[in-house]
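Please write a short report on the ligand site and the metal site of this model. I am new to it, so explain each term once.

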Amino acid sequence: MSDPLDFVVSQGDRFRSELYDFLRIPSISAKSEHDRDTRTAAEWLSARLAAAGLTSEVIQTPGHPIVLAEWRGAKGAPTVLVYGHYDVQPPEPLDEWHSPPFEPTVRDGRLYGRGTADDKGQLYMHVKALEAHLATRGSLPINVVVLAEGEEEVGSPNLVPFVAANHQRLACDVVVISDTGMFAEGLPSLGFSLRGLAYFELHVQGAKGDLHSGEYGGAVANPGNTLARIIASLHAPDGRVAIAGFYDDVREWDKGTRAQINGLPHDDNAYRADLGVPALTGEAGYGTLERTWIRPTCDVNGILCGYTGQGAKTVLPNRAMAKVSFRLVADQTPAKVRKLLEAHVAKVTPPGVTVSIAELHGGRPWRAKVEGPAFDAASEALEASFGKKPVLMGGGGSIPVVVDFEEQLGATALLVGFSLPGCNLHAPNEWLSLAYFDKGIETLTRLYTGLGKKLPR
Ligand code: BES
Ligand code: MN
Ligand code: MN
């Protein structure tokens, strides 16, 4: 067999069963009790890359390992860096899964399991597309570096410095990432943006210990009440973030991009009904897609305070904590948002408590140049596989290292994702369409060919 695309079709069953093996390894980066599993996943992936014909190694970091694989046999040809992550989010709540999170299960053409879409399934598409070229042609049309990390879901604390310290080894022309989704089934998509992230914990401290709420209530500040006031002060009635200066660095998008966004086949009512909410809300003056792609936000991710067990306990708790994160857009930075938040909290905190702010992690927002040979190659590969020209879409989520790739390596990033809306990223019953697993491999196989032809030598 000499055609890589024929190879992909002929090996479909094997590719899938290998993916199931990958998915069975619970590489939950956030939980230290899974450190062993996370390492096992790195080793498993590295072995598959080596079997595909790349030179691969597992590189130790202070946290979870980095997998770095290379194939540099295309002398004089450009270099493509493939980035993905082999770590996954914790699966909880477990009782909401219809099949166990780490036992990949097929129902109605969907493969259910943690990491199917985010990101093991999509990362593995690349491994198989590379194998398809190497197995049939004995070579690739481009030089390739595969960089897979095990800490994306915890903010890439060790990858960002690794990229900074390894310019030469990671030098490339294009970075290809499959860690986002398609706008709709049958509608291939290319990403034009990712939001950044600034994630904090607000700790409110009151009296030296819990108090009887009858004996002391009314005379002593309640950290729960105070935290609620602080949280409430973060938004204005028009849905905007009410922190002074928060929008100063927000670059408005051009009319063309906004028109393109608003031309996508999106139906607010269907979206609303699908989510089971009585109404959609958000920043005044922007539609749903704009609110989730090109506008910044502030959200409480968790609150801890007082008695939450069965029945009533009349207690005046002495502390409260909230996890609060901001999604950022160009040109906001986590550092500036931290300063603004600190000033805001100092201003709105009433007397009687002390508040401290801890930063968990951050990532900068990214905006693509949606033109050039790499972009054209991706567009053509998607059209050949899906029979339709791709639409451009934003990404509401964050992939912290993307901006570093562009800044540090001078490469352009291409976001070519294959997960579908409603695929339950980070939630119970995450899934990936099995047909799209195959189509993804096919598309990426074509993409490598296209990059070999289109990128300047
Ligand atoms: N693959 C996602 C990012 C994503 C999701 C981009 C949906 C576009 C659309 C990634 O694995 C992720 O979840 N990132 C985290 C980043 C954080 C932990 C630093 C996120 O966005 O919350
Ligand atoms: Mn991901
Ligand atoms: Mn994720």
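## Polar contacts to ligand 1

An oxygen atom of ligand 1 lies 3.0 Å from a side-chain N or O atom of Asp 118. Two further side chains reach ligand 1 through polar atoms: His 85 at 3.1 Å from an oxygen atom, and Arg 327 at 2.8 Å from an oxygen atom. Such a polar contact is a pair of N or O atoms within 3.5 Å. The protein buries 87% of the 520 Å² that ligand 1 exposes when taken alone. These accessible areas come from the Shrake-Rupley method with a 1.4 Å probe.

This is a predicted model, in which local features need pLDDT of at least 70, side-chain atom pairs count only at pLDDT 80 or more, and totals for chains, interfaces and linings use all residues. Residues are numbered from 1 along each chain as its sequence is written, chains are lettered from A and ligands numbered from 1 in the order written, and side-chain values use heavy atoms, without hydrogens and water.

## The shell around ligand 1

Ligand 1 is surrounded by 18 residues, each with a heavy atom within 4 Å of it. The closest are Glu 152, Asp 179, Arg 327, Ser 398 and His 426. The shell holds 5 nonpolar, 8 polar and 5 charged residues. Here Asp, Glu, Lys and Arg count as charged, and Gly is among the polar ones.

Two domains contribute. Domain 1 (4-194 + 365-454) and domain 2 (196-250 + 296-362) each supply at least three residues of the shell. The domain bounds come from an automatic or database assignment.

## The manganese ion, ligand 2

His 85 (NE2), Asp 118 (OD) and Asp 179 (OD, twice) coordinate the manganese ion (ligand 2) at 2.0 to 2.4 Å. Donors are N, O and S atoms within 2.8 Å of the metal (3.2 Å for Na, K and Ca); water is not among the atoms, so sites may look incomplete. The donor residues follow the spacing H-x32-D-x60-D. Asp 118 sits in the loop between strand S5 (110-112) and helix H4 (120-137), and Asp 179 in the loop between strand S7 (174-177) and strand S8 (189-194), 61 residues apart. Helices (at least four residues) and strands (at least two) are DSSP runs.

## The manganese ion, ligand 3

Asp 118 (OD), Glu 153 (OE, twice) and His 426 (NE2) coordinate the manganese ion (ligand 3) at 2.1 to 2.5 Å. In sequence, the spacing is D-x34-E-x272-H. What links the two ions? Asp 118 coordinates both, and the ions are 3.6 Å apart.

Technical notes
A polar contact is a pair of N or O atoms within 3.5 Å; within protein, one must be able to donate a hydrogen and the other to accept it, and residues adjacent in sequence count only if both atoms are side-chain atoms.
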